[in-house]
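Visitor: Please take me closely through the salt bridges of this model, and say for the partners of each pair how they are placed and how far they are open to solvent.

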Amino acid sequence: MNEPEMNGAETGGLETGAAAVSGDAERAAPSAAGTMRAARLHGPGDVRIEEVPLPEPGPGEVRIRLTGCGVCASNLAAWEGTPWMQYPQEPGSPGHEGWGIVDAVGSDVDGVAAGDRVAALSYRAYAEYDVAPATHVVPLPAELAKTPFPGEPLGCAMNIFRRSGIGEGHTVGIVGIGFLGALLTKLAKDAGARVIAISRRPFSLAVARSMGADETIPMEDHWQIIERVKQLTGGELCDRVIEAVGKQWPLDLAAEITRERGRLIIAGYHQDGPRQVNMQMWNWRGLDVINAHERDPQVYLDGIRAAVDAVVNGRLDPSPLYTHTYSLDQLGEALEATRTRPDGFLKALVTP
């Protein structure tokens, strides 16, 4: 569920900065007794804010009063409309990057209490409240009280980095600098790697440099990029390459700049159809190919816990990457900006 870097034109009407979601003082309250406000997709490009029943936690579950939710590029399949999507979707779906305060606890719950601030692995977080298994929330320590924390994408970055096997002395190519690519640039640099960042937008390349990238290459011409990587690596190409876009061309390019016996890590979320790969080249070079997506919730949660530790100890500071904030009523604008990626855009957060 990662950030694409291949989409097109400008859009307007944006609010910048993450200050609106800096803390939890902006407490959302139920709109009426027993109800809450939730966004609901009724079709492609058709999101409506509705008054729906307040969800009640069942056994083993907690209810979270949400204070924010990140907007993921994987939501674009539902926003744009793909043949396999069904509408209307559940209230709050497909928001899955929520965080907030536990306000109700079901039976048979241990270790989580009302009042705890948590990041949640839930799937209806474009709303004022969501319910999740108590085992699917990660406590946020006091050091993060003023910090937005979309746990799922931060956890994804930590899990992808772990599976990449990046170490000191490696040359790492990162194709696509969105929220995920920027985080991975910082993690790779801290591991002692040399990072070559490749992306479409000048803004993204500037972000990559701010996160420590040693070299940046505009993503304009396939063969010129390959030649530039050869020049930078003495013809050896990259030990590790992370494809973080989710499109055919970046996947092709990522493989081309991976050295013999190198590792190609596919972090992009390829959701618009089948892909073709140059298996002859993959065979010849003996590439190790890692599909760095997870489905086990416990692996996600391990990644979120690792992200909490990384932010608390100062190893990772994602706050400059939260470039745009929107109210729940503006969810359509947030999704549209995520699709079109105007200049200065990297990651949108939505507040209820």
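Guide: What follows goes through the salt bridges pair by pair and then turns briefly to the nonpolar core.

This is a predicted model, in which local features need pLDDT of at least 70 and side-chain atom pairs count only at pLDDT 80 or more, while totals for chains, interfaces and linings use all residues. Residues are numbered from 1 along each chain as its sequence is written, and side-chain values use heavy atoms, with hydrogens and water left out.

With a salt bridge taken as a side-chain nitrogen of Lys or Arg within 4 Å of a carboxyl oxygen of Asp or Glu, the count comes to 19. Side chains of opposite charge can pair when their charged atoms come close.

One of these bridges joins K347 to E97, with 2.8 Å from N to O. Because K347 lies in the loop between α9 (331–340) and β15 (348–351) and E97 in the loop between α1 (76–80) and β4 (98–105), the pair ties together parts that are 250 residues apart in sequence; helices (H or I, at least four residues) and strands (E, at least two) are here DSSP runs, numbered from the N terminus. On the scale used, buried means under 20% relative accessible area, exposed over 50% and partly exposed in between, with a 1.4 Å probe and protein chains only. K347 is buried at 1% relative accessibility, and E97 is buried too, at 0%.

A second bridge joins R163 and E294, at 3.0 Å from N to O. R163 belongs to helix α2 and E294 to the loop between β13 (288–291) and α8, so this pair links parts 131 residues apart in sequence. R163 is partly exposed, at 26%, whereas E294 is buried, at 13%. Elsewhere, salt bridges that share partners join E56, R63 and D103 into one network.

In the pair E50 and R40, the closest N and O atoms are 3.6 Å apart. E50 sits in strand β2 (residues 46–53) and R40 in strand β1 (residues 35–43), so the bridge ties together parts that are ten residues apart in sequence. R40 is partly exposed, with a relative accessible area of 23%.

As for the nonpolar core, a set of buried Ala, Val, Leu, Ile, Met, Phe, Trp, Tyr and Cys residues joined through side-chain atoms within 4.5 Å, the largest one has 49 residues, of which F149, L184, I242 and L321 touch the most other members. Helix α2 (151–164) is among the elements that give two or more residues to this core.
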